[in-house]
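Here are some exercises to work through with the model open beside you. Try each task before you read its solution.

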Amino acid sequence: MCKVISVSNQKGGVGKTVTCVNLGIGLAREGKKVLMIDADPQGSLSISLGFDEPDKLDVTLGTILLKVINDEEFDLSLGILHHDEGVDVLPGNIELSGLEISINGVISRETILKQYVDRMREFYDYIIIDCMPSLGLLTINALACADSVLIPVQASYLPVKGLQQLIKTIGRVKRQLNPKLEIEGILLTMVDNRTNYAKDVASQVYEAYSTSVHVFDTEIPMSVRAAEISAEGSSLYVYDPKGKAACAYTALIKDILRGGIE
């Protein structure tokens with residue numbers, strides 16, 4: 001039984017892609033078969049996994065979505081790349097920006113990605129989707145095909161402020177497009193527990209949301225190493241295996257496995 005997790009936050013710079021990388025590879029390290037989909041025109045996930053120039057790739061998520069729109073047959077292995085740490089990757093690039101505009105007039109435009117993801121479920125235990133930092137049509141597509149949403153939130157005032165809008169959007173998608181959609185949890189990232197400010201923000205999140213939404217006990221600490229992995233093309237488990245952030249992501253994986261397939 002495959003579980004599809006969209007990692008989403010309309011605020012950029014909250015550790016979303018770093019979380020995707022270490023979530024996907026962490027699950028693969030637990031013996032799970034994982035596909036990671038880069039649904040961000042910036043190609044941040046693709047770059048972070050070592051595919052340095054996604055705009056030069058011949059086949060990306062944009063290519064696949066166009067084939068789905070045009071009802072073209074294609075091999076399901078098309079465009080999928082393999083990363084040395086055991087995950088498959090469908091990269092994304094700038095083509096997705098144009099595609100998001102052009103699909104406005106397409107029938108069932110909110111479920112184009114779902115048509116592809118549903119076909120891929122039989123081959124994987126987990127499909128992880130890195131959403132773009134907006135609540136546009138591509139993000140709606142990612143939510144429409146997901147079983148759950150993981151929300152990384154930087155432990156500072158403005159990212160936390162935007163949570164309410166995202167949770168409302170998730171609620172609308174659940175009511176109108178995807179009744180099975182659940183919130184996997186809110187994950188606090190870039191937490192500097194040396195400061196009272198970070199502790200206060202974390203406390204605010206727990207107080208405001210924990211009664212209605214799962215807030216992970218695991219928090220991802222502020223880490224220079226975590227910021228560096230985008231240039232290294234690897235996960236924290238390889239780049240800084242004994243670091244605090246790697247240990248935190250390992251704990252997050254165990255939390256997710258306890259709530260899903262073992």
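**Exercise 1. Locate D71 and describe its backbone and its exposure.**

Step 1: D71 sits in the loop that runs between α3 (61–69) and β3 (81–82); helices (H or I, at least four residues) and strands (E, at least two) are DSSP runs, numbered from the N terminus.
Step 2: Although D71 is not a glycine, its phi is positive, about 60°.
Step 3: With a relative accessible area of 71%, D71 is exposed. For this and later exercises, buried means under 20% relative accessible area, exposed over 50%, and partly exposed in between (1.4 Å probe, protein chains only).

A word on the source: this is a predicted model, in which local features need pLDDT of at least 70 and side-chain atom pairs count only at pLDDT 80 or more, while totals for chains, interfaces and linings use all residues. Residues are numbered from 1 along each chain as its sequence is written, and side-chain values use heavy atoms, with hydrogens and water left out.

**Exercise 2. Do the same for S108: where does it lie, and what is its phi near?**

Step 1: The loop between α4 (95–102) and α5 (112–120) holds S108.
Step 2: Its phi is near 55°, a positive value in a residue other than glycine.
Step 3: S108 counts as partly exposed, at 41% relative accessibility.

**Exercise 3. Work out which residues of α9 are buried and where they lie around the axis.**

Step 1: Helix α9 covers residues 196–209, 14 residues in total. From first C-alpha to last it reaches 20 Å, close to the 20 Å expected at 1.5 Å a residue; the expected span is 1.5 Å times one less than the number of residues.
Step 2: The buried residues in α9 are A198, V201, A202, V205 and Y209.
Step 3: Viewed down the axis of α9, these buried residues fall within an arc of 100°, so they line one face of the helix. The arc is that of the directions from the helix axis to the C-beta atoms.
Step 4: N196 and E207, on the other side of α9, are exposed.

**Exercise 4. Explain why C2 forms no disulfide, then turn to C20.**

Step 1: A disulfide is a pair of cysteine sulfur atoms within 2.5 Å, and the structure holds zero of them.
Step 2: For C2, the closest cysteine sulfur is in C145, at 10 Å, which is too far for a bond.
Step 3: C20 is in no disulfide either; the nearest cysteine sulfur, that of C131, is 7.5 Å away.
Step 4: Both cysteines are buried: C2 has a relative accessible area of 8%, and C20 has one of 0%.

**Exercise 5. Find which charged residues lie over the rings of F74 and Y239.**

Step 1: The criterion is NZ of Lys or CZ of Arg within 6 Å of the ring centre and within 35 degrees of the ring normal.
Step 2: Over the ring of F74 sits the charged end of R119, 5.2 Å from the centre.
Step 3: Over the face of Y239 lies R225, at 5.3 Å from the ring centre.

**Exercise 6. Compare the radius of gyration of the protein with the globule rule.**

Step 1: The protein has 12 helices and seven strands.
Step 2: Its radius of gyration is 17 Å, close to the 18 Å that the globule rule gives for 262 residues, so the protein is as compact as a globular protein of that length. The radius is taken over C-alpha atoms, and the rule is 2.2 Å times the number of residues to the power 0.38.
Step 3: Of the 262 residues, 55% are buried.
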